[in-house]
Amino acid sequence: LRDKVCALADALGCNRYAYPQDEAERRALVRDVNTRVADLHRVLSAMRQRRAHALTRAATNAAAWRSQLLRAKGVAHCLNMCDYDPSRRTLLCEGWIPASMLGPTR
């Protein structure tokens, strides 16, 4: 019967695991598996705590990051409206201002 089950498992591509006949060996195997499962649970718990901590830190900094992003985006938008003059290596910008502001602007 064992040979037939093994042949069937091999034909179906199943994984076969050795199962000890001795009761003491089975208990040791179960204890080892339980130890590994407990270790995995500890690792997953620590990973969840680190992820929650990282997300909390990111959430507290999100408003500052958004402000910096909007400022950088505004600067890039203004610079994209300028023309680059390669002969003088300058940015040329045109705009309208009130005549009363000509002095302070210069």
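Okay, let's start in helix H2, where Arg27 and Glu23 sit four residues apart, about one turn of the helix. Bear in mind that this is a predicted model. Those two side chains form a salt bridge, and the closest N and O atoms are 3.7 Å apart. How exposed are the partners? Arg27 is exposed, at 53% relative accessibility, while Glu23 comes out as partly exposed at 38%. And the pair isn't on its own: Glu23, Arg26 and Arg27 are linked in a network of salt bridges.

Staying in helix H2, have a look at Arg42 and Asp39, which are three residues apart, again about one turn of the helix. They make a salt bridge too, with 2.0 Å between the closest N and O atoms. Arg42 is exposed, with a relative accessible area of 52%, and Asp39 is partly exposed at 33%.

How many salt bridges are there by this rule? The count comes to six. One of them that I'd like to show you joins Arg88 and Asp85, at 2.9 Å from N to O. Here Arg88 is exposed, with a relative accessible area of 55%, but Asp85 is buried, at 15%. The cut-off for buried is under 20% relative accessible area, so Asp85 at 15% falls on the buried side.

Right, on to the cysteines. The structure holds one disulfide. It is formed by Cys82 and Cys93, with their sulfur atoms 2.1 Å apart. If you look along that link, there are 100 degrees about the S-S bond, and the link is right-handed.

So what does the disulfide tie together? Cys82 lies in the loop between helix H2 (23–80) and strand S1 (83–85), and Cys93 lies in the loop between strand S2 (90–92) and helix H3 (102–105), so the pair ties together parts that are eleven residues apart in sequence. Is Cys82 buried or exposed? At 16% relative accessibility, Cys82 counts as buried.

And the other cysteines I wanted to mention? Cys6 is in no disulfide, and the nearest cysteine sulfur, which belongs to Cys14, is 11 Å away. Turn that around and Cys14 is in no disulfide either, with the sulfur of Cys6 the nearest one, at 11 Å. The cut-off for a disulfide is sulfur atoms within 2.5 Å, so at 11 Å Cys6 and Cys14 don't qualify. As for its surroundings, Cys14 is partly exposed, with a relative accessible area of 41%.

That's my tour, thanks.

Key:
Residues numbered from 1 in each chain as written. Predicted model: local features only at pLDDT ≥ 70, side-chain atom pairs only at ≥ 80, totals over all residues. Heavy atoms only, no water. Helix = DSSP H or I, 4+ residues; strand = E, 2+ residues; numbered from the N terminus. Buried < 20%, exposed > 50% of the residue type's maximum accessible area, 1.4 Å probe, protein only. Salt bridge = Lys/Arg side-chain N within 4 Å of Asp/Glu carboxyl O.
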